[in-house]
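Me: Please take a close look at one part of this structure, the largest pocket. I would like a connected account that begins with the elements around the pocket and then moves outwards to the loops and the chain as a whole.

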Amino acid sequence: KLANCVSPGAVAKINTRNTALHHVGNIKSFLAAVHELGVPSSSLFAPSDLYKRKSVSEVLACVEALGRLTQTLDTWTGPEWIGPRLAQPGEKKWADVEQSAAVYVQDTEAQSNVDWRAQLVRV
């Protein structure tokens with residue numbers, strides 16, 4: 001039902017029988033629908049994560065990814081946004097100090113890599 005709220009008709013048939021087979025089938029239909037809508041496969045969970053309550057954090061990560069996706073869908077008629085807002089192009093404006101700090105960190109990391117390689121050569 002959640003996938004159909006985001007995009008009507010995303011899941012064609014929802015099984016209403018109260019059996020494990022039908023529950024898992026509904027979960028698989030949900031996963032296929034949200035993946036087709038644009039949720040990356042890295043954000044999907046295994047059906048057993050939800051059905052057996054093995055990894056609820058994976059399920060929540062998927063729902064959060066779906067929430068972020070709703071910000072980009074024309075079919076979404078719910079709240080303006082769910083979950084973290086997506087970054088907008090040109091939204092951040094870095095101050096000169098922040099830019100120079102980023103360069104310093106990159107230079108420091110590069111120097112650390114050089115030091116590490118030099119130590120490796122000595123061995």
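Reply: Four helices, α1 (2-6), α2 (20-37), α3 (47-51) and α4, each contribute at least two residues to the lining of the largest pocket. The model is a predicted one, and what follows should be read with that in mind. Among the contributors, α2 gives the largest share of the lining, with 5 residues. The pocket holds about 280 Å³ of space, and of the 15 residues that line it, those closest to its centre are K1, N26, I27, F30 and L50. In chemical character, the residues of the lining divide into 11 nonpolar, 3 polar and 1 charged.

From F30, one of the residues closest to the centre of the pocket, the view can be extended to the loop between α1 and α2, where A10 has its place. The C-alpha atoms of A10 and F30 are separated by 8.3 Å, although the two residues are 20 positions apart along the chain. Once the neighbours within four places in sequence are set aside, A10 is in contact with A3, N4 and A33. A10 counts as partly exposed because its relative accessibility is 30%, which lies between the limits of 20% and 50%.

Two further residues of this loop give a fuller picture of its surroundings. A12, which is also placed in the loop between α1 and α2, counts as exposed because its relative accessibility reaches 82%, and its C-alpha atom is 8.6 Å from that of S29, a residue 17 positions away in sequence. P8 lies in the loop between α1 and α2 as well, and with a relative accessible area of 64% it is therefore exposed. The partner of P8 is further off along the chain: W76 is 68 residues away in sequence, yet the C-alpha atoms of P8 and W76 are separated by 9.1 Å.

On another side of the account stands the loop between α3 and α4, a stretch that joins two of the helices supplying the lining. K52 lies in this loop, and its C-alpha atom is 9.9 Å from that of V24, a residue 28 positions away in sequence. K52 is exposed because its relative accessible area is 59%, above the 50% limit for that class. R53, found in the loop between α3 and α4 too, counts as exposed because its relative accessibility is 70%. The backbone of R53 deserves a separate remark, since its phi is near 55 degrees, a positive value in a residue other than glycine. Most residues other than glycine have a negative phi.

Beyond that loop comes α4, which spans residues 56-70 and includes T70. T70 offers a contrast to the loop residues described above: with a relative accessible area of 3%, T70 is therefore buried, as the limit for burial is under 20%. The side chain of T70 reaches the backbone oxygen of G67 at a distance of 2.5 Å, a value that can be inspected directly in the coordinates.

Set against the whole chain, these local details belong to a protein whose secondary structure comes to 5 helices and 0 strands, with the elements running α-α-α-α-α from the N terminus on. Of the 123 residues in the chain, 21% are buried, and T70 is one of those in the buried class. The accessible surface of the chain comes to about 9,300 Å², of which carbon and sulfur atoms hold 57%. Among the contacts with a sequence separation of 6 or more, 36% join residues that are 24 or more positions apart.

To return to the pocket itself, its lining draws on α1, α2, α3 and α4, with α2 giving the largest share, and nonpolar residues account for 11 of the residues in that lining.

Notes:
Residues numbered from 1 in each chain as written. Predicted model: local features only at pLDDT ≥ 70, side-chain atom pairs only at ≥ 80, totals over all residues. Heavy atoms only, no water. Buried < 20%, exposed > 50% of the residue type's maximum accessible area, 1.4 Å probe, protein only. Polar contact = N/O pair within 3.5 Å; in protein donor to acceptor, adjacent residues only side chain to side chain. 1 Å grid on protein atoms, 1.4 Å probe; cavity = no way out; pocket = protein on both sides within 12 Å on 5 of 7 lines; lining within 4 Å. Points joined across faces, edges and corners; volume = space filled by probe spheres on them. Nonpolar A, V, L, I, M, F, W, Y, C, P; charged D, E, K, R; others polar. Contact = heavy atoms within 4.5 Å. Areas by Shrake-Rupley, 256 points an atom, 1.4 Å probe, with all protein chains shown as cover.
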